[in-house]
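Trainee: Could we go through this one together? I would like to ask about cysteines and then about empty space inside.

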Amino acid sequence: MINIKNICVYCGSSSAVNQSYKDCAVELGKLMASKNIGLVYGGGQVGLMGLIADSIMSNNGKVIGIIPHFLDKLEVGKYDVTELIKTDNMHVRKMKMAELSDAFIVLPGGLGTLDETFEILTWKQLGLHNKPIIILNIDGFWDKLINLIDHQISENFATIKNRKLFDIAASSAEAIDILYKYRPYDNDIKSKWT
């Protein structure tokens, strides 16, 4: 079992989404706080990002938000968290989120969530880290993404080993359970962070 102090959660900033996605963000926050696991996230106050941060903070948990200066100036930064780190750009933001996290959970989201997800998957494939990545597939939200990755494998643009870069969970409780049973990815390239 790996030691999990902080989980980076990638998720959407839209509030005009299915209630089940909102409920999942709140539930995951409560569960993380109850297990004394901190949140590392994009530092926003809107959408699923704001909901999970609020859920953890209201349950006496720890939240580290990381936001670029230009997004903070647009007044989307969340200041009522344990710590809000401001970065010069998106690249530094994503690197800092990865460095401070022991695992990654992907909730429903948009293009930014896809960007973060594929980058952290690619970093794992390249041996830059060997941390667990869980896709939280609420109501089948990520089915088409998973099918696309399977299609990439069938067309030889990815290998079957790449399918082992991440796990899939149908609920917050299942995601946390997977994290505690995680076995490091078998990669020939030495990991930079863990």
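Mentor: We will take the cysteines and then turn to cavities, keeping in mind that this is a predicted model.

Trainee: Okay, how many disulfides does it have?

Mentor: The count comes to zero disulfides, where a disulfide is a covalent bond between the sulfur atoms of two cysteines.

Trainee: Why is Cys8 not bonded to Cys11?

Mentor: The cut-off for a pair of cysteine sulfur atoms is within 2.5 Å, and because the sulfur of Cys8 lies 9.1 Å from its closest cysteine sulfur, the one in Cys11, that pair is too far apart for a bond.

Trainee: And what is the closest cysteine sulfur to the one in Cys24?

Mentor: That is again the sulfur of Cys11, at 9.6 Å from the sulfur of Cys24, so a bond is ruled out by distance there too.

Trainee: Is Cys8 buried or exposed? What about Cys24, buried or exposed?

Mentor: Cys8 counts as buried, with a relative accessibility of 0%, and Cys24 is buried as well, with a relative accessible area of 4%.

Trainee: New topic: how many cavities of 30 Å³ or more are there?

Mentor: The structure holds one cavity of that size, and the volume of the largest cavity is about 40 Å³.

Trainee: Which residues line the largest cavity?

Mentor: Its lining is made of Tyr10, Lys94, Glu116, Glu119, Ile120 and Trp123, and helix H5, which covers residues 111–125, gives the most to this lining, with four residues.

Trainee: How many of the lining residues are nonpolar, and how many are charged?

Mentor: Three are nonpolar and three are charged, while none is polar.

Key: Residues numbered from 1 in each chain as written. Predicted model: local features only at pLDDT ≥ 70, side-chain atom pairs only at ≥ 80, totals over all residues. Heavy atoms only, no water. Buried < 20%, exposed > 50% of the residue type's maximum accessible area, 1.4 Å probe, protein only. 1 Å grid on protein atoms, 1.4 Å probe; cavity = no way out; pocket = protein on both sides within 12 Å on 5 of 7 lines; lining within 4 Å. Points joined across faces, edges and corners; volume = space filled by probe spheres on them. Helix = DSSP H or I, 4+ residues; strand = E, 2+ residues; numbered from the N terminus. Nonpolar A, V, L, I, M, F, W, Y, C, P; charged D, E, K, R; others polar.
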